[in-house]
Amino acid sequence: MELIRLTNVLKQYDGGAVTALNNINLSIESGSFVSIIGPSGSGKSTLLNMLGALDSPDSGQVIINGVDLAKQKDLSDFRRQEIGFIFQLHNLLPNLNVQENVEIPLMDAKMSEKDKHRRALIFIEAVGLLDKRKQKPNKLSGGERQRVAIARALVNFPSIILADEPTGALDTKTGRKVLDVLRFVHESINATLIVVTHDRDVAKLAERTIEIRDGQVINDYYNR
Amino acid sequence: MEESVQTTFNEGGAEITVTNATNIGGNSGLLDMSFIDDLKNVTNVSDAVGQLSVSESPESYSQSKNIMGNMFYGINASKLNLAGISDVNGSIFDENSFEAIVGVRYCELNNVSIGDNITFLGHDFKIVGTFETGIVMKDNAAYISLDTLQNISDTQEVSSILVKTSEGANDTVVSQNIRDKYENVSTLTSSEMSSMLDDVIGILDTASLAISGLAIFVGAIGVVNTMVMTVYERTKEIGVLKSIGWKSKKILTMILGETLVLTTLSGIIGSILGILIAEIGIRLIGTNRFSLVYTPKTFILAFGITIIVGIIGGVYPAYKASKLAPTEALRYE
């Protein structure tokens, strides 16, 4: 089933001097694992921001789960309910502990505090950090921080998980462990996983790879 | 305060004070005693009394507890009511004696009471009574027999004449009549005096308001600066919160809430520091010259202003933060 459809998406910066996305057309199936690969400045992060409703196109249409994002007045609810973001540098809040960081997306959820704690602990356990739930991010290793970011991205049961270079700041071994965790939870909640990377080995782990250069899709293929 | 001043001037005291027009703060412009009887003959003047004021400068400022020096007034004991002194605790001084009645403020500053002796121009005076008029200058002075003060200060004249008008008379008209009749005198009615004090109070109020306004302005700039810096430092954090679905309104509320906590805490710390600094300051200056007054109104006002400044100072950075595009905020380093 089609979850995401991009039609003629154009995004330019600096008054048209830089074209980040040049009439992109794309369709992504629900529950799939897709990698987006390309060199720096190719437009892959801009594409991820479009998919995450963080940015809007200058022209064209972005439809996610049947919702035309251009027609939404406030995209914050959409982001909270549909999207789970994982950043290259985890971006955890330094003053909050692991559990509190994971609970941030649940702040406005209509559930009791007890249920929020329970939900957060399920995902903290899933990423293997239950014993460190009361620790602040500065006491964790890079890999552990990224696992907390994964738990935070998944705690709302999003339909789409967007990961922007999730292993970019980690060594190969730790990066692989993080990807294993990411794949495991993606399969557990059957969410669509889209990973932006410039690492071909990471890209190969996905079912499908979309290659971007100069704001255009130059290759789109299935890995298995 | 203004009402209190007006009431104090009108209660039983003289309505008009007559001085020599050439008197500019020194002793040169005294009035002859015979002039008292002349004034009694002016239409609508019911009574008049001469008053001599002599001050003794402190030997050194640091040794004096009264920064204005010791002020002694000489007046007839039977006419004290014209000087606004109606109630005396103890007894009134005898004429031609070395007895004195002193104001309550004088007693506080010099730590004296009824029965004690005070020295003035080399003479000892026994305190036989105390009084309170509500006027700082009088409550800070001593009143003795006019004859005695004239003798020890070697003069037979008076500094001013206090004039009581007839009941129902217009003080301003009487005052004008006196000036018309006697060219070399100046007059001041009690209403003019209170008006002058009103002006002084008004100037003090304006100055106080200006200083408070400046402090509030500087404080507001400080709060805005602090909050803007806080928002800048947390730009990426705001981007993360937006990316995970926080609404602009929630971010606005968060920043404003933090501003309020910050300003309330600063209000508490400021109040404590203010009290400490004032207490230390008053001890350094000297124990009796000033007294510190803490009223709930002062603290309520200070906290009210602090919170208003906090809200005003927090609105701009909070609004700015809430309007940040998530992608811009996430890119911020």
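This section describes two sheets of chain A, a cavity lined by residues of chains A and B, and selected buried elements of the predicted model.

In chain A, six strands form an open sheet in the order β6-β7-β8-β3-β9-β10, and the pairing within this sheet is mixed. Its edges are taken by β6 (83-86) and β10 (216-222) of chain A, each of which pairs on one side only. From one strand to the next, the twist averages 15 degrees. At one end of the order, β6(A) pairs with strand β7 (residues 160-164) of chain A in the parallel sense, over four bridges. Within this pair, A:F85 has A:L162 of β7(A) as its bridge partner. Helix α6 (residues 172-189) of chain A packs on the sheet and touches β3 (33-37), β6, β7 and β8 (192-197) of chain A. The direction of α6 makes about 165 degrees with that of β7(A).

A further open sheet of chain A consists of four strands in the order β2-β1-β4-β5, with antiparallel pairing. The edge positions belong to β2 (18-29) and β5 (67-68) of chain A; each has a single partner strand, so one side of each is left without a neighbour in the sheet. Strand β1 (residues 2-13) of chain A runs antiparallel to strand β4 (residues 59-64) of chain A, and five bridges join the two. One of the residues concerned is A:I4, whose bridge partner in β4(A) is A:I64. Helix α1 (residues 44-51) of chain A packs on this sheet through contacts with β1, β2 and β4 of chain A, and the direction of α1 makes about 125 degrees with that of β1(A).

A search of the whole structure for enclosed space returned one cavity of 30 Å³ or more. The volume of the largest cavity is about 40 Å³. Its lining is formed by A:R80, A:I83, A:G84, A:F85, A:P105, A:R152, A:A153, A:N156, B:S243 and B:I244. By character, the lining residues comprise five nonpolar, three polar and two charged. Strand β6(A) provides the largest share of the lining, three residues, while β6 and α5 (142-154) of chain A each supply at least two. The edge strand β6(A) of the six-stranded sheet thus has A:F85 both bridged to A:L162 and among the residues that line the cavity.

From chain B, B:S243 is one of the lining residues, and B:S243 is also listed among the buried residues of α8(B). Nine of the nine residues of helix α8 (residues 235-243) of chain B are buried, and the helix is therefore largely enclosed by the rest of the structure. After α8(B) comes B:G245, whose phi is positive, near 105 degrees. Over the whole of chain B, the secondary structure amounts to eleven helices and ten strands, and 39% of the 333 residues count as buried. Of the contacts in chain B between residues at least 6 apart in sequence, 76% join residues at least 24 apart.

In chain A, residue A:I124 lies in helix α4 (residues 113-126). A:I124 counts as buried because its relative accessibility is 1%. Beyond residues up to four places away in sequence, A:I124 touches A:V98, A:Q99, A:V102, A:L129, A:L130, A:R133 and A:A151. The C-alpha atoms of A:I124 and A:I24 are 37 Å apart in space, for a separation of 100 residues in sequence.

Methods: Residues numbered from 1 in each chain as written. Chains lettered and ligands numbered in written order. Predicted model: local features only at pLDDT ≥ 70, side-chain atom pairs only at ≥ 80, totals over all residues. Heavy atoms only, no water. Pairing = 2+ DSSP bridges. Axes fitted to C-alpha atoms, helices over the stretch in contact; angles between N-to-C directions. Contact = heavy atoms within 4.5 Å. 1 Å grid on protein atoms, 1.4 Å probe; cavity = no way out; pocket = protein on both sides within 12 Å on 5 of 7 lines; lining within 4 Å. Points joined across faces, edges and corners; volume = space filled by probe spheres on them. Nonpolar A, V, L, I, M, F, W, Y, C, P; charged D, E, K, R; others polar. Buried < 20%, exposed > 50% of the residue type's maximum accessible area, 1.4 Å probe, protein only.
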